[in-house]
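Reader: I'm new to looking at protein structures, and I'd like to study one small part closely. Could you take me through it step by step?

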Amino acid sequence: MRRMVFLVLLGLLFAGCAFGEQPQWGEAGKTVTFRITCKGNLDPNLVYRVAIDTDGNALTGPSGDPGEWTGLYVLEWRNGTPWLLHPDGTRTYVSAGNFSGQTAEATVNLEDLGNPGQLEVMVAVEDGGGNIIDALRTFFTVRLRYQRFVERGDEEGDAKDPSGDLLRVSVEVSF
């Protein structure tokens, strides 16, 4: 009997060590990675943008027009470099980013987005003059506490330039 109690306690001890202390929501260390995949190789002359609405209201997500994205966080790759534009008009360089082949990727700390409970995400690709080449049909919602990976597809061939023809957009949450 003692041996069984000892083994149970030992098992619980090792299980606790294996999982470690799990951070509570809102603590440092949580990130979100945004990936955009296009039909052709990315073009640094195009601007790839992700609008991120953090107000928690899934009825008020971003439109398909980047001109209406004021007051939102916007992740953009300009000349292949990822930047996070803040609602107050400031911007910060995103050091965890990649822009190669058909995929643009960037990872942002959720603290930098105000530790929201959900994101409403919209994506658009523009030429250098601000003309929309392609965009998702509508925004999608990521409930950060419950969804670790969300992906949306876009119609292939709906943009003339394959470098701006969106195929897939994914959002991955990590702890």
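Let's start with Tyr48: is this residue buried or exposed, and why does it count that way?

Author: Tyr48 counts as buried, because its relative accessibility is 0%. Buried means under 20% relative accessible area, exposed means over 50%, and partly exposed is anything in between, using a 1.4 Å probe and protein chains only. Before we go on, you should know that this is a predicted model, in which local features need a pLDDT of at least 70, side-chain atom pairs count only at pLDDT 80 or more, and totals for chains, interfaces and linings use all residues. Residues are numbered from 1 along each chain as its sequence is written, and side-chain values use heavy atoms, with hydrogens and water left out.

The pLDDT is the predictor's confidence in each residue, from 0 to 100. For this protein the mean pLDDT is 87, and 84% of the residues reach 70 or more. Residues 4-27 fall below 50, and beyond near neighbours in sequence this stretch has 12 contacts in the model. A contact here means heavy atoms within 4.5 Å.

Back to Tyr48, which is found in strand S2, residues 47-53. Strands are DSSP runs of E with at least two residues, helices are runs of H or I with at least four, and both are numbered from the N terminus. S2 is mostly covered, with seven of its seven residues buried. That holds on both faces: Val47, Arg49, Ala51 and Asp53 are buried on one side, and Tyr48, Val50 and Ile52 on the other.

Next, look at the strands beside S2. Two strands pair if DSSP finds at least two bridges between them. S2 runs antiparallel to strand S3 (residues 73-78), joined by six bridges, and Val47 has Arg78 as its bridge partner there. S2 is also antiparallel to strand S8 (residues 118-126), this time with seven bridges. In S8, the residue opposite Tyr48 is Val125.

Now for the surroundings of Tyr48. Leaving aside neighbours within four places in sequence, its contacts include Ile36, Cys38, Leu75, Trp77, Phe99, Ala124 and Ser163. Its side chain also reaches the backbone nitrogen of Asp43 at 2.9 Å. That is a polar contact, a pair of N or O atoms within 3.5 Å; within protein, one must be able to donate a hydrogen and the other to accept it, and residues adjacent in sequence count only if both atoms are side-chain atoms. The C-alpha atoms of Tyr48 and Gly164 are separated by 8.1 Å, although their positions lie 116 residues apart along the chain.

Gly164 leads us to Asp134, since both Gly164 and Ala124 are among the residues that Asp134 contacts beyond its sequence neighbours. Asp134 lies in strand S9, residues 132-135. Its side chain reaches the backbone nitrogen of Leu166 at 2.9 Å. Asp134 is buried yet has no salt bridge, and the nearest side chain of opposite charge, Arg137, is 8.2 Å away. Lys and Arg count as positive and Asp and Glu as negative, while His and the chain ends are not counted. A salt bridge is a side-chain nitrogen of Lys or Arg within 4 Å of a carboxyl oxygen of Asp or Glu.

Another contact of Asp134 is Asp154, placed in the loop between S11 and S12. Asp154 is likewise buried without a salt bridge. For Asp154, too, the nearest side chain of opposite charge is Arg137, here 5.3 Å away. Arg137 and Leu166 are among the contacts of Asp154.

Salt bridges do occur elsewhere: the structure holds eight. One of them joins Arg78, the bridge partner of Val47, to Glu76 at 3.0 Å, N to O. Arg78 is partly exposed because its relative accessible area is 33%, whereas Glu76 counts as buried at 2%. Glu76 is also one of the contacts of Tyr48. A further salt bridge, between Arg168 and Glu151, spans 3.9 Å, N to O. This pair links distant parts of the chain, with Arg168 in strand S12 (residues 166-174) and Glu151 in strand S11 (residues 149-153), 17 residues apart. Glu151 is partly exposed, with a relative accessible area of 39%. Salt bridges that share partners join Arg49, Glu76, Arg78 and Glu126 into one network, and that brings us back to S2, where Arg49 is one of the buried residues.
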